[in-house]
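The following exercises concern strand pairing, helix packing and a chain contact. Each task is followed by a solution in steps.

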Amino acid sequence: MRTLRDAALLTRKDLVSLRRAPLVLILLACYPLLIAGLVGTVAGYANSRPRVAIVDLDQIPPKVEVAGHTYDLKDMIDEVAKNVRISWLTKAQAAQALRTGEVVGVITIPDGFINQLKSVASSPEVQFETSQGGISSRVTQQMQALIYNLNRKLQEAYLEDAIGYISVIRNGGTADFLGSDYKVLGINKARSLLAADKKNPDAAKVVRFLDTAEGALRATEVSAHAVAQPIKLATATRNGRGWLLSAQMQAYALALTISILALALGAAVTASERDENVACLLGRGLVSRVSLLAAKVALATIISLAVGTVILLAFGVIVEVGDIAGGQPWQRIPLVLLGVVLFGAALGAIGTLIGALAREGRSATLGALLVALPIVLLGLIPREIAPPAGYVSDIFPFSHGERFFSSALYDRHPWATIGPEALWLLGLLVLWAAVARLAQPRLTEA
Amino acid sequence: MAETLLAASTISRRFGRVIALEPIDLELRSGEAVALVGPNGAGKSTLMAILAGALKASGGRLSVTGSAKVGWLPQRPAHYGRLTALENLVLFARLEQMKGPEHEAEQMLERFSLPSDRLSAYLSIGNRQRLSLAIALLGNPNVLLLDEPTASLDPKQRALLWREAQRHIEDGGAVLFSSQNIEEVERHATRVIALDSGRLVFGGSPEEYTVWEREP
């Protein structure tokens, strides 16, 4: 009971001290927001199109005729390459660009590509080389998408051509095949001619066969239209949330701001006890070390809660005023704030540890910032790209907090995510508070 | 014979491989003012901090008699700069679990003539030292440990501080103070202990110390 009472007295004292240093409080709140904005911008750029080089060894002409259609292949490539930026380079330039990281991949169109494409005898190949960087898998996927889009365009042309042949066989006319023109009678006309020939006893059998063949070809024509695009994707752009207002951005803004704020605050107020020469007075039995630790964690939690509420309200107001689709999920805000409490407390415990280890306040604040940035950046690396970064990140609160906030804000059934993440944050609070408690003698001993 | 309020038996302190304080025996009895003297780095502040319970001894035993309490004035002022003197006193009175903390704090404020409405960070060094002494006296300690209490005070403030120390002794308490000022030691101490490089090199009356100190 006394432990809690003493912790409350010290927390109140710290809040009064903070109120009397509004500049510090404003800086503490604005600096993380600025960092959040910058990281958000960088993360936005991470979604921008990577640069890919194309080496044209076949000297593709401006117009290429394939299956009776004339294509501008270069234009087609530019058109379908929506997710990458294409640079047409020589082989040597491309190799150099890949080495220096100027491009993340190189597509090589081999010599004889167009002839092979026209012959339809076998599928021509393009080679794709990529660097071993973290985004190589993403770029490979985008290259697969590019080839898929090109194939689809060509496939449509081939099928249109095939459907044309079927139509000629059914109805007659002139067909161009491998560069030569052929005049075709057509099943329908052949059937009419045979039907008129009453003297031939087998004509009726041939007419029945032609009926069957014509029906089969008609069905083939219909199927060919369907095979060209078995599933169509209708894409429409609506007035949805942009990156800046996305759930992920809100979660990042919260997690990043509170990470820096709670760490720096926990470290600074802990070290300030030493700076003011009071830590040794408290540590001689006046206040238990648990009380002192609890007071600093409580302060970091209270300020995190206040700043977290302001951030959520600010996003909410922007979303509502801007009439953004979906609106701000106001009913979920208490759930998010529950996460903020656990998150701020766990980070406050780490901050208290830094404050106890540092020699004085300035070192503590600098130390907190030096620790905060790697924690945040580790948490931003997708686990699929670098699993070890994910494991290291697990022992810090950032990624758990970010997942908690994101899920609490927008998942339809958030408990499956926020339940385990809340347990993680609670566990990390206990872990880091225990470590900070071990470091307390360094703070309180004269 | 005066009651022993605090007794230290062979207490010592090491910082890694450095010996800051060799084993020392010390007793503080009711009604006495003991001066702790010695050059810088002699181990005076280390001994004070151990006696105050702010630093763990590497060896030895420290015992505080019965209900005796220890008040400590560290060498550097110790209070919260962004609280006023009154707020500091109220906070520490509450942490000391005193009854009527606001009343106790106001009495201390008046006793030490401290301004109530200014943040402690903006007080003069003398006022800050007096505030630290007022905090040390909260909870009515029997033993008062003063680490170079007058180093940064003007003569008027020194007189005020010694008046408070004298009052404490007359009330049956004991004072252990460290000082570099021989005149102060001769005037206020009833006993002198001298340290050098962490070792006890002298123990006796102020008169004996004066003679000892003049010896080559």
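**Exercise 1. Describe the pairing of strand 1 and strand 2 of chain B and the sheet to which they belong.**

Solution. Strand 1 (residues 4-15) of chain B and strand 2 of chain B run antiparallel and are joined by eight bridges. Strands pair if DSSP finds at least two bridges between them; helices (H or I, at least four residues) and strands (E, at least two) are DSSP runs, numbered from the N terminus. The model is predicted: local features need pLDDT of at least 70, side-chain atom pairs count only at pLDDT 80 or more, and totals for chains, interfaces and linings use all residues. Residues are numbered from 1 along each chain as its sequence is written, and chains are lettered from A and ligands numbered from 1 in the order in which they are written.

Within this pairing, B:Thr4 has B:Arg29 of strand 2 as its bridge partner. The open sheet has three strands in the order 2-1-4 (chain B), with antiparallel pairing. Its edges are strand 2 (18-29) and strand 4 (59-64) of chain B, each of which pairs on one side only. From one strand to the next the twist averages 15 degrees.

**Exercise 2. Locate helix 1 of chain B relative to the sheet, and establish whether its residues are buried or exposed.**

Solution. Helix 1 of chain B packs on the sheet and touches strand 1, strand 2 and strand 4 of chain B; residues are in contact if their C-beta atoms, placed from the backbone, lie within 7 Å. The direction of the helix makes about 125 degrees with that of strand 1 of chain B. Angles run from 0 to 180 degrees between N-to-C directions, and axes are lines fitted to C-alpha atoms, for helices over the stretch in contact.

The next step is burial. A residue is buried if 20 or more other C-beta atoms lie within 10 Å of its own, exposed if 12 or fewer, and partly exposed in between. The buried residues of helix 1 of chain B include B:Lys44, B:Met48 and B:Ala52. Because nine of the nine residues of helix 1 of chain B are buried, the helix is largely enclosed by the rest of the structure. B:Gly53 follows helix 1 of chain B and has a positive phi, near 85 degrees.

**Exercise 3. Determine which strands pair with strand 8 of chain B, and describe the surroundings of B:Ala194.**

Solution. Strand 8 (residues 191-196) of chain B pairs in the parallel sense with strand 3 (residues 33-37) of chain B over four bridges. There, B:Val34 is opposite B:Arg191. Strand 8 of chain B also runs antiparallel to strand 9 (residues 199-204) of chain B, with five bridges, and B:Leu195 is opposite B:Leu200. The hairpin of strands 8 and 9 of chain B has two residues between the strands, and B:Ser197 takes a positive phi near 50 degrees.

B:Ala194 lies in strand 8 of chain B. It counts as buried because it has 21 C-beta neighbours inside 10 Å. Not counting residues up to four places away in sequence, B:Ala194 touches B:Val37, B:Gly38, B:Val201, B:Phe202 and B:Tyr209. B:Ala194 and B:Gly43 are 151 residues apart in sequence, yet 9.9 Å apart in space, C-alpha to C-alpha.

**Exercise 4. Characterise the packing of helix 15 of chain A with helix 16 and with helix 13 of chain A.**

Solution. The axes of helix 15 (residues 397-410) and helix 16 (residues 415-444) of chain A come within 9 Å and cross at roughly 150 degrees. Helix 15 of chain A is therefore roughly antiparallel to helix 16 of chain A; angles under 35 degrees count as roughly parallel, over 145 as roughly antiparallel, 65 to 115 as roughly perpendicular and the rest as oblique. The crossing is left-handed, meaning that the near helix is turned anticlockwise from the far one by less than a right angle, whereas clockwise is right-handed. Among the residues in contact are A:Phe404 of helix 15 and A:Trp424 of helix 16 of chain A.

For the second pair, the axes of helix 13 (residues 361-380) and helix 15 of chain A come within 8 Å and cross at roughly 50 degrees. These helices of chain A are therefore oblique to each other, and their crossing is right-handed. A:Ile375, A:Val376 and A:Gly379 of helix 13 meet A:Phe398, A:Ser399 and A:Glu402 of helix 15 of chain A.

**Exercise 5. State how many residues each chain gives to the contact of chains A and B.**

Solution. Chain B gives 19 residues and chain A gives 19 residues. On the side of chain B, helix 1 (44-52) and helix 2 (85-95) are the elements that give two or more residues. Helix 2 of chain B supplies the largest share, three residues.

Note on methods
Two residues are in contact if their C-beta atoms, placed from the backbone, lie within 7 Å.
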